[in-house]
Amino acid sequence: MLRHGEPFGQGYMMLVFGFLLAVAYIPNVTGHAILTGWIVLTLALPFLPKGQLGAAHWLGLAFLAYAAASLAWAMVPVQGVWELWLLVLLGGCFAFGTAVRDPCNLWLGLSLGFGVSTAIAGAQWFGWQGIYHIQLPAGLFVNSGIYGEVGAILTLALISVRLYWPIVFTAPALALSGSRLALAAVAIGLLIHFKSWKAALVALALAGSIFYVTSTQRTQWASVSERVAMWKDTVDGLTLFGRGAGSFLITYPAFASRTDTMTQRPEDPHNEFLRFAYEYGLGTAAIAAILLLSMFAAGPERTILIPWLFIAFFDFPTRIPVLALVGMVCLGMLCARSLERRYAWPAGLGEKRYSYG
Amino acid sequence: MLGQRAWEKRDIAMARAAASIFPFNRYIRTQPGYISVLTTGDVEEIAAALRGDPFSADLTFGLIRAYMARGDHFVLGGLIHNFIRLVPNSPQAKGLLNGTFSSTR
């Protein structure tokens, strides 16, 4: 079932890379933070192809330079080094995306690796406690919400390339995780991809599921109000030039008048746009320009990227290696396409030209 | 993994080694301070951890407790002021404000 849209060997390399990234982190076995996924990305990215240097790359490099300069005014610069490393990895994934023409094998590899999590989550659903997870089944992702979001994005990735059979590995995450955000992301993705009344019906059914899940969950809307409190606290700390790389984690408690940081210490405002604005201020304009550039391109990656951005509004996909890779690859692919004159179609046109099925 | 093992064993020396190898992660960097809060109450260790995470309410509280246990009230005023400013609505801050808090609790 492998597709050979890429040069010889590259497709298999992407398949293996995707699989390894999805299974790299085993809670309490390979450490107690999602470090192993980043290590896999660090080791693999130098060997993956990169696209030709274009305007989007320069914008990205300008942002990285700004982020590096921001260490000069960050309160704890050593924390910023960690953030810079993650930003470089995101940049590497983006550069890889600009070189990818057919991501089928990458999505397939990630989905097969994700299947391991789904098998574990299934066992967790029946009470198995062999791998650490918080409350609901989460496979290798510890947090069921993250597990659901990764499942949602990979399901949409498979739909975008019309590779349907591996959905059996990804779609169960939507039910097992009970994540409203994941269900909403899939609903949005389906509407973007199919643009039909059938898709609207499926989206409606998913919306109904979200409300059902919400009404049966013990937390109900608590997580929403906690997020809003964090967002308001984060807005209180915004500055023109940002507080420097890695500064959210360090300086947030100083503005957290609505959150008790004695009982919980958010590492992230659960809104990527706010976090970037908080840490980099005006420097975020470069990222905004890249996003804007990607929106001018047509292509099946929009089915993935727009729900990914939706998730970014409520969570932290750039902090989860699998989600970060998928999002940045899609962004890179769309930017590369929008910058190539021969592919410069207005958004919404030429969709079929870029469907890989 | 060194940091994880240090935390499980409450081994400050191992935690210090992990923090010196990889200071870029807040958990690893501040772990010697947290272990100290739970075990020896070493003021210097907690203060060093607090320099790597200056607005940490729990580390500030740990330092307050360590100073109280040592009977050193010279710097307590400033620390308690910082702590109450960070988490004004926490039960610990209220305890400090109304005088019902003691270092032995």
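1. A good place to start is Ser160(A). Setting aside neighbours within four places in sequence, Ser160(A) touches Trp107(A), His193(A), Pro300(A), Thr303(A) and Ile304(A). Please keep in mind as you look around that this is a predicted model. Ser160(A) belongs to helix H6 of chain A. Its relative accessibility is 1%, so Ser160(A) counts as buried.

2. From there, have a look at how H6(A) meets helix H5. Helix H5 of chain A covers residues 104-125, and it packs with H6(A) at an angle of about 140°, the two axes being 10 Å apart. The crossing of this pair is left-handed. On the H5(A) side, the contact is made by Trp107(A), Leu110(A), Ser111(A), Phe114(A), Ser117(A), Thr118(A) and Ala121(A). On the H6(A) side, Tyr147(A), Val150(A), Gly151(A), Leu154(A), Ala157(A), Leu158(A) and Ser160(A) take part. Sorted by class, the residues of this contact are nine nonpolar, five polar and no charged. Our starting residue, Ser160(A), is thus one of those that H6(A) brings to H5(A).

3. H6(A) also packs with another helix. Helix H6 (residues 144-160) and helix H16 (residues 321-339), both of chain A, meet at an angle of about 30° with their axes 10 Å apart. Angles under 35 degrees count as roughly parallel, and therefore H6(A) is roughly parallel to H16(A). Here, too, the crossing is left-handed. H6(A) contributes Glu149(A), Val150(A), Ile153(A) and Leu154(A) to the contact, while H16(A) contributes Val322(A), Leu323(A) and Val326(A). By class, that makes six nonpolar, no polar and one charged residues. If you would like a residue to follow by eye, try Val150(A): it appears in the contact with H16(A) and in the contact with H5(A).

4. Next comes Ile320(A), in the loop between helix H15 (302-314) and H16 of chain A. Is Ile320(A) buried or exposed? With a relative accessible area of 4%, Ile320(A) is buried. Beyond its neighbours within four places in sequence, Ile320(A) is in contact with Ile34(A), Trp38(A), Ile146(A) and Val150(A). The pairing with Trp38(A) is a nice one to find in the viewer: 282 residues separate Ile320(A) and Trp38(A) in sequence, yet their C-alpha atoms are 8.7 Å apart in space.

5. Two backbone details are worth a check. Most residues other than glycine have a negative phi. Arg162(A) is not a glycine, yet has a positive phi of about 55°. You will find Arg162(A) in the loop between H6 and helix H7 (167-170) of chain A, where it is partly exposed at 38% relative accessible area. His270(A) also has a positive phi, near 60°. His270(A) sits in the loop between helix H12 (247-255) and helix H13 (272-280) of chain A. With a relative accessible area of 18%, His270(A) is buried; the cut-off for that class is under 20%.

6. Finally, step back to the two chains together. How many residues of chain B are in contact with chain A? There are 26 of them, meeting 22 residues of chain A. The size of an interface is often given as the accessible area lost when the parts come together. For chain B and chain A, about 2000 Å² is buried between them, with 61% of it on carbon and sulfur atoms. In chain B, the residues that lose the most area to chain A are Gln4(B), Phe24(B) and Phe55(B), together 31% of what that side buries.

Terms used:
Residues are numbered from 1 along each chain as its sequence is written. Chains are lettered from A and ligands numbered from 1 in the order in which they are written. This is a predicted model: local features need pLDDT of at least 70, side-chain atom pairs count only at pLDDT 80 or more; totals for chains, interfaces and linings use all residues. Side-chain values use heavy atoms; hydrogens and water are left out. Axes are lines fitted to C-alpha atoms, for helices over the stretch in contact, and angles run from 0 to 180 degrees between N-to-C directions. Helices (H or I, at least four residues) and strands (E, at least two) are DSSP runs, numbered from the N terminus. Angles under 35 degrees count as roughly parallel, over 145 as roughly antiparallel, 65 to 115 as roughly perpendicular and the rest as oblique. A crossing is left-handed if the near helix is turned anticlockwise from the far one by less than a right angle, and right-handed if clockwise. Contact means heavy atoms within 4.5 Å. Ala, Val, Leu, Ile, Met, Phe, Trp, Tyr, Cys and Pro count as nonpolar, Asp, Glu, Lys and Arg as charged, and the others, Gly among them, as polar. Buried means under 20% relative accessible area, exposed over 50%, partly exposed in between (1.4 Å probe, protein chains only). Buried area is the accessible area (1.4 Å probe) that two parts lose on being put together, summed over both.
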